[in-house]
Amino acid sequence: YVLKRPGVDEFLDALAAKFEIVVFTAGLKEYASLVLNQLDKKSVISHRLYRDSCKEIDGKFVKDLSEVGRDLGRVVIVDDNPNAYFFQPENAIPIPSFIDDPADEELGKLVKFFEVCDCYDDMRDAVKHYLSRQEI
């Protein structure tokens, strides 16, 4: 049983139309792959990276985006744990954790970001602009 965050299906569909989707989780492959199989019924996730792809720093799992083989100017990480993007905070959009809130609208906000972010040459500039508007 997987409790999906509201809007996750629409979020994945919207992103898949324009972007490569890579899920990078600190979860163990044996567990996380089962969850992702439930989430990704349309097979829109291009790659899956698990805990074994993270770097352990002081007991915390860090997702080093420089290891994914992509231009960091074209990469955005969305995560609820600031430790996860410790090495590349300029690529990160923090998102609140999801805990069974049927009124959660966080993924809808992100869809709007991803609809317009491609006007930036560097996604880090798009992230900076988005985050500056979120703090208003």
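**View 1. The two cysteines, without a disulfide.** A search of this whole structure, a predicted model, finds zero disulfides. Take Cys117, which is in no disulfide. The nearest cysteine sulfur belongs to Cys119, and it is 7.7 Å away. A disulfide needs its two sulfur atoms within 2.5 Å, so at 7.7 Å Cys117 and Cys119 do not count as one. Seen from the other side, Cys119 is in no disulfide either, with the sulfur of Cys117 as its nearest. Are these residues buried or exposed? Cys117 is buried, because its relative accessible area is 1%, under the 20% limit. Cys119 has 62% relative accessibility and counts as exposed.

**View 2. Parallel strands E1 and E2.** Strand E1 covers residues 21-24. Four bridges join E1 to E2, and the two strands run parallel. Which residue of E2 is the bridge partner of Ile21? The partner is Ile45. Now follow the chain from E1 to E2. The path goes through helix H2. This β-α-β crossover is right-handed. In a regular strand, side chains alternate between the two faces of the sheet.

**View 3. Ser43 in a loop, with positive phi.** Ser43 is not a glycine, yet its phi is positive, at about 55 degrees. Where does Ser43 sit? Its place is in the loop between helix H2 (29-39) and strand E2 (45-49). Ser43 counts as exposed, because its relative accessibility is 59%, and the limit for exposed is over 50%.

**View 4. Asp58 between two strands.** Asp58 also has a positive phi, near 50 degrees, and is a residue other than glycine. The loop that holds Asp58 lies between strand E3 (55-57) and strand E4 (60-62). Is Asp58 buried or exposed? With 75% relative accessibility, Asp58 counts as exposed.

**View 5. Pro82 in the loop after strand E5.** Pro82 lies between strand E5 (77-79) and strand E6 (92-94), in the loop. Pro82 counts as exposed, at 53% relative accessibility. Pro82 and Phe11 are 71 residues apart along the chain. What separates their C-alpha atoms in space? The separation is 21 Å.

**View 6. Phe11 and Phe114, an edge-to-face pair.** A pair of aromatic rings is described by the distance of the centres and the angle of the planes. The count comes to five aromatic pairs. One of them joins Phe11 and Phe114, with ring centres 6.2 Å apart. Their planes are at 70 degrees, so this pair is edge-to-face. The cut-off for that label is over 60 degrees. Which helices does the pair link? Phe11 is in helix H1 (residues 8-16), and Phe114 is in helix H3 (residues 106-116). The pair links distant parts of the chain, with the two positions 103 residues apart. Phe11 is buried, at a relative accessible area of 11%. Phe114 is buried too, at 7%.

**View 7. Phe113 and Phe114, and the aromatic cluster.** The rings of Phe113 and Phe114 have their centres 4.8 Å apart. Their planes are at 75 degrees, so this pair is edge-to-face. Both Phe113 and Phe114 are buried. Which residues form the aromatic cluster? Phe11, Phe19, Phe113, Phe114 and Tyr130 form one cluster.

How values were computed:
Residues numbered from 1 in each chain as written. Predicted model: local features only at pLDDT ≥ 70, side-chain atom pairs only at ≥ 80, totals over all residues. Heavy atoms only, no water. Buried < 20%, exposed > 50% of the residue type's maximum accessible area, 1.4 Å probe, protein only. Pairing = 2+ DSSP bridges. Right-handed = clockwise from strand over helix to strand, strands pointing away. Phe/Tyr/Trp six-rings, centres within 6.5 Å; stacked < 30°, edge-to-face > 60°.
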